[in-house]
Amino acid sequence: MDFELNDDQKAFADMASQFARDKLMPMAAEWDEQQTFPKQILAEAGELGFLSLYTPEQAGGLALSRLDASLIFEQLAMGCTSTTAFMTIHNMVTWMVGSFGTQAAIESYCPKLISGEWLGSYCLTEPNAGSDAAALTTSAKLTEQGYVLNGAKVFISGAGDTDVLVVMARTGEAGAKGISAFIVPADSQGISYGRKEPKMGWNSQPTRSISFDNVVVPVENLLGEEGQGFTFAMKGLDGGRINIATCSVGTAQQALNQATQYLKERKQFGQPLAQFQALQFKLADMATELVAARQMVRLAASKLDQGSSDATAYCAMAKRYATDIGFAVCDQALQLYGGYGYIKEYPMERYFRDVRVHQILEGTNEIMRMIVARRLLQEGAQLL
Ligand SMILES: Cc1cc2nc3c(=O)[nH]c(=O)nc-3n(C[C@H](O)[C@H](O)[C@H](O)COP(=O)(O)OP(=O)(O)OC[C@H]3O[C@@H](n4cnc5c(N)ncnc54)[C@H](O)[C@@H]3O)c2cc1C
C-alpha cells in the first residue's frame, strides 16, 4: 500500500493546478455573478484532455484511472467549483458514449465531446422520479423511423447550452430493467428547454428542464442493449460520486488555505487571529477531517479502478462523507473570516454556496446511506 503519488500523478495534478490558477480562479467570481457558462475555457480544458479523463483509449480518451481523474479534478475544483463540477458531468457523458456506444456513435460523437467542441448533459432525473430514479416514465418506443422519445427531465446540468444529451428512458417493463440509455442530439426536433433555473450556487453552468415531444432518435444511438440503461447510468454515477466528492474536497482545501492565511494577517485584540488557540484548534480539526475525506475518496476511486464488488458502497460512503465534510469546512472557513466571509469581496460565501448542492445531487446523501446500509445488510457481504 503506497499513499504517495507517483511522478505521472504529480505531473497531472501540477498541470491541472496551473490551469486552475491561470484560467479558472481569476474568472470564477465573475462567472458566478454574471451566470456565465465558460464554453471557451471548457474547450481549452478539452485540449488538455480534461474532458475525457477516463474515456477509453479506443474512443479517443485518456483512459486514466478514476484515482488519477480524482487528483486532477481536485486541483481544478480549487480554481472554480462549479465549472469543474460541470467538467465532471461532461466526463461522465463522454465515458458513457465511449464505453457503451456503437462504433458509429463513438465515431460521430466522441471526437467532438473529447475536444470540448460539443458539451454533454446527463439526463436521468424527472419531475416525479428523483431519488427513485428507476421510476422514471420518459418513454422510448421503437418505430420504423427509430426510437421515439416522449416525457420530461428536470434539473439537467448544462441543458439548453449543451450539444449532446445522454437520456435514460423506458423501453420496457416497470422498474430498472425496463430502462435504456440513448444519445440524443440536443437540437433534435421535438426537444424544448425550460427556463434557466435561478440557483443558490453552481452559477457558471445552466440548469434547465427538458421536454421530449415525439423526438426521433436513430437506433444506432442506443447505448448497449435495451434494458441496460439503468445499469450504465448507475455505473456512471459511481464515478460521478467520486468526482463530486472530489470537487468538495478541492473547494474545501482552497477555503482552508485561504482561511489559514487570513488568520495570519487579520489582527484583533492586538494580535493576529492565528495566535488564538481556539482558532488554531479549529484549523487543526478542519485539516484533519479534510484529509480523512480525501483519503476516503481515493480509496473509493481505487476500489472502482479494481472493479471491487463493494466499490458502489465505497463510492456512496465517500460521496456522503466528503460532501458533508467539504460543506462543513467551507462553512467554518467562512466563519473564520467573520463578517468578511459573508460578503462577496471574498470567495468564502461562493465556496459555501457551490458545495452545498453536492450533498443533494448524483444521489442525495440520504440515498448514499441507503446504498451503504443495503450492502451491510446483504447476506455474507462485508465492507473491509
Ligand atoms: C443544481 C442541480 C443540478 C442537477 N443536475 C442533474 C443532472 O445533470 N442530471 C440529472 O439527471 N439530475 C440532476 N440533478 C437532480 C438531482 O440528482 C436530484 O435533485 C436528486 O437526485 C434528488 O432528487 P429530488 O430533487 O427529486 O428529491 P427527492 O427524491 O424528492 O428527495 C427529497 C428529500 O427526500 C429524501 N429522500 C427521498 N427518498 C428517501 C428515502 N427512501 N429515505 C430517506 N430519504 C429520502 C431525499 O434525500 C431528499 O432529502 C441536479 C440537481 C440540482 C439541484
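Seven residues, S70, E74, T246, V249, R294, V297 and R298, line the largest cavity of this predicted model. The space inside this cavity is about 30 Å³. With the threshold set at 30 Å³ or more, the count is one cavity. Helices α3, α6 and α7 each give two or more residues to the cavity lining. The largest share, three residues, is from α7. By class, the cavity lining holds two nonpolar, two polar and three charged residues.

**R298**

One of the cavity-lining residues is R298. Where does R298 sit? R298 is part of helix α7. Is R298 buried or exposed? The cut-off for buried is under 20% relative accessible area. R298 has 19% relative accessibility, so R298 counts as buried. Beyond residues up to four places away in sequence, R298 touches L5, L67, L71 and E74. E74 also lines the largest cavity. R298 turns up again in the second largest pocket, among the residues closest to the centre.

**Domains**

The protein is divided into three parts: domain 1 (7-119), domain 2 (121-226) and domain 3 (230-377). Between the C-alpha centres of domain 1 and domain 3 the distance is 20 Å. Their contact takes 25 residues from domain 1 and 31 residues from domain 3.

**Pockets**

The two pockets and the cavity are set side by side here.

| Space | Volume | Largest share of the lining | Lining by class |
|---|---|---|---|
| Largest pocket | about 1400 Å³ | α6, seven residues | 20 nonpolar, twelve polar, twelve charged residues |
| Second largest pocket | about 350 Å³ | α7, six residues | six nonpolar, four polar, four charged residues |
| Largest cavity | about 30 Å³ | α7, three residues | two nonpolar, two polar, three charged residues |

The second largest pocket has a volume of about 350 Å³. This pocket is lined by 14 residues, and D2, F3, L67, R298 and S302 are the closest to its centre. Helices α3 and α7 (277-306) each give two or more residues to this lining. Which domains does the lining of the second largest pocket draw on? Domain 1 (7-119) and domain 3 (230-377) each provide at least three residues. L67, which lies close to the centre of this pocket, is also touched by R298.

The largest pocket has a volume of about 1400 Å³. Its lining takes in 44 residues. Nearest the centre are L237, R241, E362, G363 and T364. Two or more lining residues come from each of α4, β3 (146-157), α6, α8 (311-336), α9 (348-356) and α10 (365-377). Helix α6 gives the largest share, seven residues. Why does the largest pocket lie between domain 2 and domain 3? Both domain 2 (121-226) and domain 3 (230-377) give residues to its lining, so the pocket lies between them.

**Nonpolar cores**

The largest nonpolar core has 60 residues. Those touching the most other members are L24, F50, L76, M87, M96, Y122 and M168. Elements giving two or more residues to this core are α1 (7-34), α2 (39-47), α3 (66-77), α4 (81-100), α5 (103-115), β4 (164-170), β5 (179-185) and α6 (229-265). Of these, α4 gives the largest share, ten residues.

M87 is one of the residues with the most core contacts. Which residues does M87 contact, leaving aside neighbours within four places in sequence? They are F19, L24, L42, A45, F50, L51, F73 and L76. Among these partners, L24, F50 and L76 are themselves listed with M87 as touching the most other members of the core.

Apart from this core lies another, of 32 residues. I242, L283, A293 and M348 are among its members.

**Helix α2**

Two of the M87 partners, L42 and A45, are buried residues of α2. Also buried in α2 are I41, A43, E44 and G46. What covers the buried residues of α2? The cover includes α1, α4 and α5. Just after α2 comes G49, with a positive phi of about 95°.

Notes. Residues are numbered from 1 along each chain as its sequence is written. This is a predicted model: local features need pLDDT of at least 70, side-chain atom pairs count only at pLDDT 80 or more; totals for chains, interfaces and linings use all residues. Side-chain values use heavy atoms; hydrogens and water are left out. A nonpolar core is a set of buried Ala, Val, Leu, Ile, Met, Phe, Trp, Tyr and Cys residues joined through side-chain atoms within 4.5 Å. Buried means under 20% relative accessible area, exposed over 50%, partly exposed in between (1.4 Å probe, protein chains only). Contact means heavy atoms within 4.5 Å. On a 1 Å grid over the protein atoms alone, a cavity is a set of points where a 1.4 Å probe fits but cannot get out, and a pocket is an open set with protein on both sides within 12 Å along at least five of seven lines; lining residues have an atom within 4 Å of a point. Grid points are joined across faces, edges and corners, and a volume is the space filled by probe spheres set on the points. Ala, Val, Leu, Ile, Met, Phe, Trp, Tyr, Cys and Pro count as nonpolar, Asp, Glu, Lys and Arg as charged, and the others, Gly among them, as polar. Domain bounds come from an automatic or database domain assignment.
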